[in-house]
Amino acid sequence: MQDRFVREFKRAGGLVAAGTDAANQLLIPGEALHEELALLVAAGFTPVEAITAATRHNAELLRADSLGRVAAGKVADLVVLNANPAGGGAGNIAATRNIAWVMTRGRIVRPDSLRAEWKRR
């Protein structure tokens, strides 16, 4: 039922945004977003459309003009993947889980450094 609604809403020109309610104790921030991206693809979105729902569309809905795109004058937080989620025809949204590194506020953070930090705590 939800798949059909999302598919029809998008087809009618609706702006679909992806995101999770991190205050919900049943959701794990980050992991829940990957699940939502997979659900959007299952509803008929391409991987690029699902990623756009989690980036540019969120910025548009929030009227956050400096976010959501890689362009001059924009805030450049990036997630660099080891694989192309849009590659191979239909693509594979699961590639978004294979993160090489993240750049936030001009600083590169690698997944292994985060895991090491978690172990110290």
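The following exchange between a trainee and a mentor concerns a predicted model of a protein chain.

Trainee: Which pattern does the protein chain follow when read along the sequence?

Mentor: The model is a predicted one. Its protein chain contains five helices and three strands. Read along the sequence, these elements give the pattern α-α-α-α-β-β-β-α.

Trainee: What percentage of the residues of the protein chain count as buried?

Mentor: The C-alpha trace spans about 45 × 35 × 35 Å along its principal axes. A residue is called buried when its relative accessible area is under 20%. Of the 121 residues of the protein chain, the share that counts as buried is 17%.

Trainee: Which residues make up the largest nonpolar core?

Mentor: The elements that contribute two or more residues to this core are α2 and α3. The core has eight members, and they are Val16, Ala18, Leu37, Leu40, Phe45, Ala50, Ala53 and Ile93.

Trainee: With which residues is leucine 37 in contact, leaving aside its neighbours within four places in sequence?

Mentor: Leucine 37 belongs to the largest nonpolar core, as do Ala50 and Ile93. Contact here requires heavy atoms within 4.5 Å. With neighbours within four places in sequence left aside, the contacts of leucine 37 are Ala50, Ile51, Ala54, Ile93 and Thr96.

Trainee: Which elements are included in what covers the buried residues of α3?

Mentor: The buried residues of α3 are Pro47, Ala50, Thr52 and Ala53. Two of these, Ala50 and Ala53, also appear in the largest nonpolar core. The cover over the buried residues of α3 includes α2 and α4.

Trainee: Which residues lie closest to the centre of the largest pocket?

Mentor: The largest pocket holds about 1500 Å³ of space. Its lining comprises 38 residues, and those closest to the centre are Leu33, Thr55, Leu78, Val79 and Val102.

Trainee: How many residues of the lining of the largest pocket are charged?

Mentor: Elements giving two or more residues to this lining are α2 (31–42), α3 (47–54), α4 (56–61), β1 (78–81), β2 (99–104), β3 (107–109) and α5 (111–120). By class, the lining has 22 nonpolar and seven polar residues, while the charged residues number nine.

Trainee: Which element gives the most to the lining of the second largest pocket?

Mentor: The volume of the second largest pocket is about 250 Å³. Residues lining this pocket are Gln2, Asp3, Phe5, Val6, Phe9, Val16, Ala17, Glu36, Leu39, Leu40 and Ala43. Two or more of them come from each of α1 (2–11) and α2. With five residues, the element that gives the most is α1.

Trainee: How many residues in the lining of the second largest pocket are nonpolar?

Mentor: The lining includes charged residues such as Asp3 and Glu36. By class, there are two charged residues and one polar residue, and the nonpolar count is eight.

Trainee: Is the aromatic pair of phenylalanine 5 and phenylalanine 9 stacked or edge-to-face?

Mentor: A pair of aromatic rings is described by the distance of the centres and the angle of the planes. For phenylalanine 5 and phenylalanine 9, the centres are 5.8 Å apart and the planes differ by 20 degrees. Because planes under 30 degrees apart meet the rule, the pair is stacked.

Trainee: What separates phenylalanine 5 and phenylalanine 9 along helix α1?

Mentor: Phenylalanine 5 counts as exposed because its relative accessibility is 55%. Phenylalanine 9, at 36%, counts as partly exposed. The two residues are four residues apart in helix α1, so their separation is about one helical turn.

Methods:
Residues numbered from 1 in each chain as written. Predicted model: local features only at pLDDT ≥ 70, side-chain atom pairs only at ≥ 80, totals over all residues. Heavy atoms only, no water. 1 Å grid on protein atoms, 1.4 Å probe; cavity = no way out; pocket = protein on both sides within 12 Å on 5 of 7 lines; lining within 4 Å. Points joined across faces, edges and corners; volume = space filled by probe spheres on them. Core = buried A, V, L, I, M, F, W, Y, C linked by side-chain atoms within 4.5 Å. Buried < 20%, exposed > 50% of the residue type's maximum accessible area, 1.4 Å probe, protein only. Phe/Tyr/Trp six-rings, centres within 6.5 Å; stacked < 30°, edge-to-face > 60°.
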